[in-house]
Amino acid sequence: MSEYVKKRLFHGFVCMHILHHAKEHPVYGSWMVEELAHHGYKMSYGTLYPILHDLEKEGLLTSSSMTVEGKIRKYYTITSLGESALEELRSYLRELTDEVQEKKDEQ
């Protein structure tokens, strides 16, 4: 699979991961890159930050800045709109997983 196709297919999963973790606690870029790496996503900062900014522009995340060890760190937290979107995504994911698993069981 080409890198372009892989990026396109995984983009939604990455967004879902971000929303999920931002619901649990505020997240920041380098933490999110490490977290995504644990799940097999090789994500550069140049790819992640535009996604975070887009999710914020769409009203799914909100951000605040805090100085940590002399550097300004931007933290992202889920909004109520983001929580609604996450629940809807979870519903679609359940439906898809059930369908895919059903097909697998039939084979």
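Is aspartate 54 buried, partly exposed or exposed? Aspartate 54 counts as partly exposed, at 36% relative accessibility. The model discussed here is predicted. The chain has four helices and two strands. Four salt bridges are present, and a nonpolar core of 21 residues is the largest one.

**Overall layout**

- Reading from the N terminus, the elements follow the order α-α-α-β-β-α.
- Along the principal axes, the C-alpha atoms fill a box of roughly 60 × 30 × 20 Å.
- The chain has 107 residues, and 28% of them are buried.
- The exposed area of the chain is about 7600 Å². Carbon and sulfur atoms account for 54% of that area.
- Take the contacts between residues at least 6 apart in sequence: 44% of them join residues at least 24 apart.

**Nonpolar core**

- The largest nonpolar core counts 21 residues. Val14, Ile18, Leu36, Leu48, Ile51, Leu55 and Leu61 touch the most other members.
- Four elements each supply at least two residues of this core: α1, α2 (29–38), α3 (45–57) and β2.
- Helix α1 gives the most to this core, with six residues.
- Leucine 48 is one of the core residues that touch the most other members. Not counting residues up to four places away in sequence, leucine 48 touches Ile18, Gly29, Met32, Val33, Leu36 and Met43.

**Salt bridge within α3**

- Aspartate 54 pairs with lysine 57 in a salt bridge, with the closest N and O atoms 3.6 Å apart.
- Both residues lie in helix α3. They are three residues apart, about one turn of the helix.
- Lysine 57 counts as exposed, at 69% relative accessibility. The cut-off for exposed is over 50%, so lysine 57 falls in that class. Aspartate 54, at 36%, is partly exposed.

**Salt-bridge network at α1 and α4**

- Side chains of opposite charge can pair when their charged atoms come close.
- Lys23, Glu87 and Arg90 are linked in a network of salt bridges.
- In the bridge between lysine 23 and glutamate 87, the closest N and O atoms are 4.0 Å apart.
- Lysine 23 sits in helix α1 and glutamate 87 in helix α4, so this pair ties together parts that are 64 residues apart in sequence.
- In the bridge between arginine 90 and glutamate 87, the closest N and O atoms are 2.7 Å apart.
- Arginine 90 and glutamate 87 are three residues apart in helix α4, so about one helical turn separates them.
- The three residues are partly exposed: lysine 23 has a relative accessible area of 39%, glutamate 87 has 38%, and arginine 90 has 23%.

**Strand β2 and the loop after it**

- Lysine 74 is placed in strand β2 (residues 71–78). The residue is partly exposed, with a relative accessible area of 32%.
- Leaving aside neighbours within four places in sequence, lysine 74 is in contact with Val27, Tyr28, His53, Glu56, Ser63, Ser64 and Ser65.
- Lysine 74 and glutamate 58 are 16 residues apart along the chain, and their C-alpha atoms are separated by 17 Å.
- Threonine 79 is found in the loop between β2 and α4 (80–106).
- Threonine 79 has a relative accessible area of 17%. Buried means under 20%, so threonine 79 counts as buried.
- The side chain of threonine 79 reaches the backbone nitrogen of glycine 82 at 3.0 Å.
- Threonine 79 also touches Gly59, Leu60, Leu61 and Thr62, not counting residues up to four places away in sequence. Among them, Leu61 is one of the core residues that touch the most other members.

**Nonpolar surface patch**

- Met1, Tyr4, Val5 and Leu9 form a nonpolar patch on the surface. Together they have about 480 Å² of accessible area.
- Leucine 9 lies in helix α1 (residues 3–24). Leucine 9 counts as exposed, at 53% relative accessibility.
- Helix α1 therefore holds an exposed patch member, leucine 9, and also supplies six residues of the largest nonpolar core.

Technical notes:
Residues numbered from 1 in each chain as written. Predicted model: local features only at pLDDT ≥ 70, side-chain atom pairs only at ≥ 80, totals over all residues. Heavy atoms only, no water. Buried < 20%, exposed > 50% of the residue type's maximum accessible area, 1.4 Å probe, protein only. Contact = heavy atoms within 4.5 Å. Patch = residues over 30% accessible without salt bridge, like charges linked within 9 Å, V, L, I, M, F, W, Y side chains within 5 Å. Areas by Shrake-Rupley, 256 points an atom, 1.4 Å probe, with all protein chains shown as cover. Salt bridge = Lys/Arg side-chain N within 4 Å of Asp/Glu carboxyl O. Polar contact = N/O pair within 3.5 Å; in protein donor to acceptor, adjacent residues only side chain to side chain. Core = buried A, V, L, I, M, F, W, Y, C linked by side-chain atoms within 4.5 Å.
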